[in-house]
Amino acid sequence: MDNFRYYNPVEVVFKENGMAEAGEIVKRYGTNALIVSYDDVSMFRDKIDAFEKDLEKHGVAVTEFFRIVANPLMSTAREGVRLCIEKNIDVVVGFGGGSVLDSAKTIAAGVLYDEGDIENMFVFSHSCVIAKPPVRSLPTVMISTLSATGSEMNQCAVITNDKTRQKSYVWSDYIYPKVALLDPALTVGLPPYQTACGGIDTMAHIIEAYLNGDTSLNLTLQDYVEEGAIRAVKDTLPVVFRHPDDVQARGVMMWAATMALAGFINAGTMIFTPMHQMGHVLSAQYNATHGATLAAMMPAWMRFFAKRDDNARYKLFSKRIWDCDSIELAADRFEEFIRSFGVQTHISEFGAKKEDIPMLAQEVRSVSFGPDDMLGSNPKLTLKDIETIYELAF
Ligand code: NZQ
Ligand code: ZN
């Protein structure tokens with residue numbers, strides 16, 4: 001087990017129909033709230049209306065910022081910062097999935113950021129530019145409507161720089177939300193594709209730690225915890241598909257997603273996320289849905305390691321999760337599982353052309369390679385390896 005520091009100050013309120021408490025929660029942190037959500041909120045307009053009435057009842061003034069799109073943009077976050085300053089906002093509420101919550105975090109930190117443009121917070125090149133993470137933020141309250149990223153309980157935000165078409169992250173203890181409100185009833189209307197992509201993203205967060213962190217075979221505690229969480233999602237996603245109104249099953253998906261990237265599950269295994277770095281390039285280039293990019297990368301990643309000697313953890317993963325001794329067969333089973341939900345597993349399905357592959361690999365290098373010109377993973381990977389994995393995912 002690796003050494004680790006575990007710190008997570010987020011209060012979690014998990015409650016079916018817990019939206020009824022949201023006004024009281026927000027009031028604890030401010031009286032002038034910015035609510036951040038998607039550019040189209042028609043699917044939960046009634047919920048937002050009720051929430052705004054509740055805030056009013058608690059003496060909290062509301063400014064709406066409904067401008068966020070999936071794979072959210074830096075330019076939009078900048079507008080949010082300007083609006084906060086203009087309206088003297090003192091608390092930021094994210095109402096949505098990862099794109100909304102990440103934007104809410106960036107805006108809240110951006111208001112108090114004194115290192116220049118908010119873009120400076122983000123790690124846009126591991127080797128050339130040293131990011132200056134924020135050290136202050138307005139308080140944030142996160143109301144999750146999509147079980148996927150875990151943003152509601154972590155210290156990370158992922159944004160695409162629309163000038164450079166590069167997607168990357170900010171990582172800072174100061175952007176932990178104050179409260180994560182988890183109301184599984186809010187996810188009942190989530191379309192099947194987004195439900196599946198969210199479940200795949202949750203699995204990916206755990207699988208990154210399982211395969212790309214500490215490679216020893218003595219991680220008994222972490223392995224059992226991680227395998228249990230992966231199995232819970234693997235078993236529950238089909239249930240949610242058959243019964244989208246099953247709030248209990250939605251609740252399992254929701255808590256699994258939150259736990260998967262809150263620092264606890266992967267403590268002691270290091271947190272390399274190389275498959276994510278490859279996926280982010282696909283989102284930045286083709287606007288592919290985050291979970292789908294991982295659906296394409298994970299089986300390809302397994303097939304790449306199937307051919308190498310340093311694949312003991314892949315064998316363990318194949319045995320314990322996919323019930324087989326062959327890594328290739330496990331990759332096939334994983335892919336079949338993903339496709340049963342109608343999610344893409346090939347990068348060509350996002351619009352990638354074979355001749356794009358060198359460019360994609362270069363983008364991974366430019367955003368995510370370290371000073372040693374390798375992609376952080378365990379083992380580390382070269383540019384050629386990245387190209388090969390994209391080819392396997394084609
Ligand atoms: O666009 P509309 O039609 O409004 O649809 C929204 C949205 O576009 C829809 N949606 C969300 N909640 C809904 C709903 N539709 C109906 N009912 C609901 N309750 O879902 C679409 C996708 O939303 P998005 O917020 O993009 O999804 P997700 O939660 O998967 O977030 C993905 C973003 O988070 C980043 C990803 O890179 C991506 O940008 N990540 C953030 C992380 C973090 N902060 O720790 C880690 C992750 O690995 C990830 O990188
Ligand atoms: Zn993810």
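The numbered points below go through the two ligand sites of this predicted model and then two individual residues.

1. The surroundings of ligand 1 are a good place to start. The ligand is surrounded by 31 residues, and the closest of these are Tyr38, Gly98, Ser99, Asp102 and His205. By residue type, the shell around ligand 1 divides into 13 nonpolar, 14 polar and four charged residues.

2. Three side chains bring polar atoms to ligand 1 at stated distances. A polar side-chain atom of Tyr38 lies 2.6 Å from an oxygen atom of the ligand, and one of His276 lies 2.9 Å from an oxygen atom of ligand 1, while for Ser151 the partner is a nitrogen atom of the ligand, at 3.4 Å. Of the 960 Å² of accessible area that ligand 1 has on its own, the protein covers 89%. Two or more residues of the shell come from each of helix H4 (98-111), strand S6 (156-161), helix H5 (192-212) and helix H8 (274-286).

3. Where does ligand 1 lie with respect to domain 1 and domain 2? Residues of the shell are given both by domain 1 (11-186) and by domain 2 (191-393), so ligand 1 lies between the two domains.

4. The second site holds a zinc ion, ligand 2, whose protein donors are Asp201 (OD), His205 (NE2), His276 (NE2) and His290 (NE2), at 2.0 to 2.2 Å from the ion. Along the sequence, these donor residues follow the spacing D-x3-H-x70-H-x13-H. Because His276 lies in helix H8 and His290 in helix H9 (residues 290-306), this pair ties together parts that are 14 residues apart in sequence. His276 and His290 are both buried.

5. The two sites can also be read together through particular residues. His205 is among the closest residues to ligand 1 and is also one of the zinc donors; His276, likewise a donor to the zinc ion, has a polar side-chain atom 2.9 Å from an oxygen atom of ligand 1.

6. Is Lys53, in helix H2 (residues 45-57), buried or exposed? Its relative accessibility is 62%, and because exposed means over 50%, Lys53 counts as exposed. The C-alpha atom of Lys53 is separated by 8.5 Å from that of Gly23, although the two residues are 30 residues apart along the chain.

7. Gln155 is found in the loop between strand S5 (140-144) and strand S6. Its relative accessible area is 10%, which is under 20%, so Gln155 counts as buried. The side chain of Gln155 is joined to that of Tyr176 by a polar contact of 3.0 Å.

Notes. Residues are numbered from 1 along each chain as its sequence is written. Chains are lettered from A and ligands numbered from 1 in the order in which they are written. This is a predicted model: local features need pLDDT of at least 70, side-chain atom pairs count only at pLDDT 80 or more; totals for chains, interfaces and linings use all residues. Side-chain values use heavy atoms; hydrogens and water are left out. A residue is near a molecule or strand if one of its heavy atoms lies within 4 Å of it. A polar contact is a pair of N or O atoms within 3.5 Å; within protein, one must be able to donate a hydrogen and the other to accept it, and residues adjacent in sequence count only if both atoms are side-chain atoms. Accessible areas come from the Shrake-Rupley method with a 1.4 Å probe; for residues, only the protein chains shown count as cover. Helices (H or I, at least four residues) and strands (E, at least two) are DSSP runs, numbered from the N terminus. Ala, Val, Leu, Ile, Met, Phe, Trp, Tyr, Cys and Pro count as nonpolar, Asp, Glu, Lys and Arg as charged, and the others, Gly among them, as polar. Domain bounds come from an automatic or database domain assignment. Donors are N, O and S atoms within 2.8 Å of the metal (3.2 Å for Na, K and Ca); water is not among the atoms, so sites may look incomplete. Buried means under 20% relative accessible area, exposed over 50%, partly exposed in between (1.4 Å probe, protein chains only).
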